[in-house]
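Me: I would like a close look at a single part of this protein, namely its open sheet, and after that a connected account of how the rest of the chain is laid out around a few individual residues. Please take your time over it.

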Amino acid sequence: MFQKAFAIRPALIVGLMAATLASPALAQQQPSSGLGSAWPTDAPDVSRTPGYHAYAWVKAGVKYVQINDYSGNVLAAFATADGTFLPLPMGRDAANLQIPQDSPTATPTDDSSSGVAVYQDDSVKVMATPQPNGVVSLLVVSTCTNPVECSTHITSAH
């Protein structure tokens with residue numbers, strides 16, 4: 001019986017070490033399906049421009065929009081409801097996301113010189129402008145022309 005205890009102990013230690021070393025690898029292999037992931041599986045890519053990926057979700061009356069680059073890197077994300085926009089703290093270019101509340105006196109335009117439209121639906125449009133230093137500036141503009149309609153009917157991304 002004493003010999004069995006000595007045999008079990010090394011096997012137990014080796015098993016614990018293997019589990020500890022395997023944990024990070026298993027964590028990296030877990031599929032990421034939602035907001036914040038490189039390739040969300042729970043929302044279609046609704047980008048309007050090659051080179052970008054745009055994903056949108058609507059939950060509890062709040063629309064979430066995430067913009068990724070061509071490699072799946074999250075650039076930025078925001079939430080919107082009832083004409084209010086909230087930048088989310090995610091993405092490598094999150095600091096370069098401008099929402100309507102950042103510049104209330106700015107007038108949204110469809111001028112292509114302000115970037116390319118990477119996402120648009122009935123209430124919001126996202127323009128992306130690559131900068132010389134490698135970052136992407138993202139401008140979110142409200143495209144809602146009837147505030148009553150936009151605040152009472154949250155539309156899907158299509």
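Reply: In this predicted model, an open sheet is formed by 4 strands, which follow the order 5-8-7-6 with mixed pairing. The edges of that sheet are taken by strand 5 (97-98) and strand 6 (116-120), and because each of these has a single partner strand, one side of each is left without a neighbour in the sheet. In general, the strands of a sheet pair through backbone hydrogen bonds, in either a parallel or an antiparallel sense. At one edge, strand 5 and strand 8 (residues 136-142) run parallel and are joined by 2 bridges, and L97 has L138 in strand 8 as its bridge partner.

To place this sheet in the chain as a whole, the protein has 2 helices and 8 strands, and these follow the pattern α-β-β-β-β-β-β-β-β-α when read along the sequence. Of the 158 residues in the protein, 30% are buried, while the protein exposes about 9,800 Å², with carbon and sulfur atoms supplying 61% of that area. Among the contacts with a separation of 6 or more, 37% are between residues 24 or more positions apart.

Earlier in the sequence, strand 3 (74-81) and strand 4 (84-88) are separated by a loop that contains D82, and these two strands pair in the antiparallel sense over 5 bridges. The bridge partner of A77 in strand 4 is L88. The hairpin of strand 3 and strand 4 has 2 residues between the strands, and it is there that D82 takes a positive phi near 50°. Most residues other than glycine have a negative phi, and D82, although not a glycine, has a positive one of about 50°. With a relative accessible area of 52%, D82 is classed as exposed, because the cut-off for that class is over 50%.

A60 can be read alongside D82, since A60 is likewise not a glycine and has a positive phi, here of about 55°. The loop that holds A60 runs between strand 1 (52-59) and strand 2 (62-69), and A60 counts as exposed at a relative accessibility of 80%.

Within the strands on either side of that loop, two residues deserve attention for their side chains. The first of them, H53, lies in strand 1 and has a relative accessible area of 17%, so it is buried, the cut-off being under 20%. The side chain of H53 reaches the backbone oxygen of Y70 at 3.5 Å. Leaving aside neighbours within four places in sequence, H53 is in contact with W39, D45, S47, Q66, I67, N68, D69 and Y70.

One of those contacts, N68, lies in strand 2 and counts as buried, its relative accessibility being 0%. A polar atom of the N68 side chain lies 2.7 Å from the backbone oxygen of A38, and the side chain of N68 also reaches the backbone oxygen of G72, at 3.3 Å. When neighbours within four places in sequence are left aside, the residues in contact with N68 include S37, A38 and P40, together with Y52, H53 and Y55, and also N73, V74 and L75. A38 therefore appears both as a contact of N68 and, through its backbone oxygen, as a partner of the N68 side chain, while H53 in strand 1 and N68 in strand 2 are listed as contacts of one another.

Methods: Residues are numbered from 1 along each chain as its sequence is written. This is a predicted model: local features need pLDDT of at least 70, side-chain atom pairs count only at pLDDT 80 or more; totals for chains, interfaces and linings use all residues. Side-chain values use heavy atoms; hydrogens and water are left out. Buried means under 20% relative accessible area, exposed over 50%, partly exposed in between (1.4 Å probe, protein chains only). Two strands pair if DSSP finds at least two bridges between them. A polar contact is a pair of N or O atoms within 3.5 Å; within protein, one must be able to donate a hydrogen and the other to accept it, and residues adjacent in sequence count only if both atoms are side-chain atoms. Contact means heavy atoms within 4.5 Å. Accessible areas come from the Shrake-Rupley method with a 1.4 Å probe; for residues, only the protein chains shown count as cover.
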